[in-house]
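Work through these exercises with the model open. Try each task before reading its solution.

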Amino acid sequence: MYIKIMRKLALILAIAPLIFAIGGCGGDSGNTSSTQTAPITRNRWDTVKNRGQLICGVSGEVPGFSFVGTDGKYSGIDVDVCRAVAAALFDNPDAVEYRNLSAKERFTALQTGEVDILSRNTTWTLSRTSSVGLEFAPVVFYDGQAIMVRQNSNIKTLADLKGKAICVQTGTTTEQNLADQMRKRGITYKPVVFEDVNVTFATYAEGRCDGITADRSALVSRRSLLPKPEDNLILDEVISSEPLAPAVAKGDSKWGDVVKWVVYSLVKAEELGINSQNLGQFATSTDPDIKRFLGTEGNLGESLGLTNDFAARIIKHVGNYSEVYDRNLGAKTKLNLARGQNQLWTKGGLLYSPPFR
Ligand SMILES: N[C@@H](CCC(=O)N[C@@H](CS)C(=O)NCC(=O)O)C(=O)O
């Protein structure tokens with residue numbers, strides 16, 4: 001409660017003059033303060049360095065992405081991005097403090113400087129970049145929106161949801177996409193909207209909604225928490241593109257670059273076939289590309305304000321992209337999501353790293 005009040009107060013102080021100056025909101029999902037916000041801090045990297053710890057905004061409610069286990073530990077692909085940044089900065093993936101943020105709270109937390117980075121199944125959109133003031137790092141998971149219904153409901157397509165109640169979380173692209181799709185197809189429906197993800201899914205589980213919609217990965221994830229997961233069917237129709245990416249506050253390109261190249265490092269390591277198990281074998285590699293990447297030659301890391309071995313630190317502590325994916329979302333996990341679009345470009349997917357040069 002105290003944190004929520006402080007968040008609101010900090011946001012009002014930070015952007016009040018701008019709200020009055022612009023007099024409107026940018027119309028982005030879940031953010032009442034969409035406006036041309038001035039950057040809160042221009043040197044977040046120094047702030048983080050002085051603090052000795054990264055503050056990472058996550059959901060904490062989506063297994064496979066970010067979730068708090070019974071042991072109190074965070075895990076998930078979004079969490080691993082936070083760990084990778086901390087590994088690059090401090091050679092310590094545990095130098096992270098996590099803050100759970102709902103869809104509605106997440107952008108305010110970044111704008112006010114409460115968190116250094118948002119790593120929370122967040123879709124990269126134009127208005128979030130322009131009006132909300134986010135700077136996105138590369139996509140860590142390409143997703144799309146889907147709908148889940150009960151197996152025994154006879155609902156097989158979006159059209160079958162005519163006149164039905166659909167549970168959806170507010171502050172999301174999900175809510176907007178559903179409205180768009182239904183309008184486009186001329187289907188009337190009853191949106192049942194909540195701020196809290198647990199209430200949204202509980203309402204569906206109690207049978208008070210005929211369907212529930214979210215990013216497909218989130219449906220697979222949250223279905224695993226339902227009393228009888230197998231009684232629920234995720235429809236094949238995918239109604240949107242949801243490129244999920246970490247973000248920082250706009251206007252601090254030094255910090256933005258650090259986070260971006262940490263994400264690229266995960267992908268580049270997979271491209272080069274370097275992982276946490278075989279990293280040692282590459283220490284003496286004579287391949288110039290690998291030498292630059294691992295920092296045994298050149299000063300790419302220092303040019304970012306990091307150490308030259310920052311990518312090696314990430315691989316040592318967190319692994320490459322495929323290790324991160326397999327650990328959190330792969331065939332050995334409850335989610336069992338095929339790599340699909342999240343495969344390397346060389347294997348038919350969309351993941352691609354610019355040169356480390
Ligand atoms: N990717 C979409 C949806 C993100 C989202 O918040 N999805 C819900 C559906 S499960 C969620 O993760 N809720 C978790 C929470 O509120 O902590 C967006 O960026 O707007």
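**Exercise 1.** Decide whether Cys56 is buried or exposed in this predicted model.

*Solution.*
- Step 1. Read the relative accessibility of Cys56: 0%.
- Step 2. Apply the cut-off: buried means under 20% relative accessible area.
- Step 3. Cys56 therefore counts as buried.
- Step 4. Repeat for Cys82. Its relative accessible area is 0%, so Cys82 is buried.

**Exercise 2.** Find out how Cys56 and Cys82 are joined, and give the handedness of the link.

*Solution.*
- Step 1. Take the distance between the sulfur atoms of Cys56 and Cys82: 2.0 Å.
- Step 2. The cut-off for a disulfide is within 2.5 Å. Cys56 and Cys82 form one.
- Step 3. Read the torsion about the S-S bond of this pair. At about -80 degrees, it makes the disulfide left-handed.
- Step 4. Place both ends. Cys56 sits in strand β1 (residues 54-58), and Cys82 sits in helix α3 (residues 77-90), so the pair ties together parts 26 residues apart in sequence.

**Exercise 3.** Characterise the disulfide between Cys167 and Cys209, then give the pattern for the chain.

*Solution.*
- Step 1. The sulfur atoms of Cys167 and Cys209 are 2.1 Å apart, and the two residues form a disulfide.
- Step 2. The torsion about their S-S bond is about 75 degrees, so this disulfide is right-handed.
- Step 3. Cys167 belongs to strand β10 (residues 165-169). Cys209 lies in the loop between α7 (197-205) and β12 (211-215). The pair links distant parts of the chain, 42 residues apart.
- Step 4. Both Cys167 and Cys209 are buried.
- Step 5. Count up: the structure has two disulfides. With bonded cysteines counted along the chain, the pattern is 1-2, 3-4.

**Exercise 4.** Describe how β10 pairs with strand β11 and how the chain gets from one to the other.

*Solution.*
- Step 1. Strand β11 covers residues 190-194, and its pairing with β10 is parallel, over five bridges.
- Step 2. Check one bridge: Ala165 has Lys190 in β11 as its partner.
- Step 3. Trace the path. From β10 the chain runs through helix α6 (residues 173-185) to β11.
- Step 4. This β-α-β crossover is right-handed.

**Exercise 5.** Explain why helix α13 counts as largely enclosed, and name some of what covers its buried residues.

*Solution.*
- Step 1. Helix α13 spans residues 321-328.
- Step 2. List its buried residues: Tyr321, Ser322, Glu323, Val324, Tyr325 and Asn328.
- Step 3. Six of the eight residues are buried, so the rest of the structure largely encloses α13.
- Step 4. The cover over these buried residues includes β4 (74-75), α3, β8 (141-143) and α9 (253-272).

How values were computed
Residues are numbered from 1 along each chain as its sequence is written. This is a predicted model: local features need pLDDT of at least 70, side-chain atom pairs count only at pLDDT 80 or more; totals for chains, interfaces and linings use all residues. Side-chain values use heavy atoms; hydrogens and water are left out. Helices (H or I, at least four residues) and strands (E, at least two) are DSSP runs, numbered from the N terminus. Buried means under 20% relative accessible area, exposed over 50%, partly exposed in between (1.4 Å probe, protein chains only). Two strands pair if DSSP finds at least two bridges between them. A crossover is right-handed if, with the strands pointing away from the viewer, the path from the first strand over the helix to the second runs clockwise. Contact means heavy atoms within 4.5 Å.
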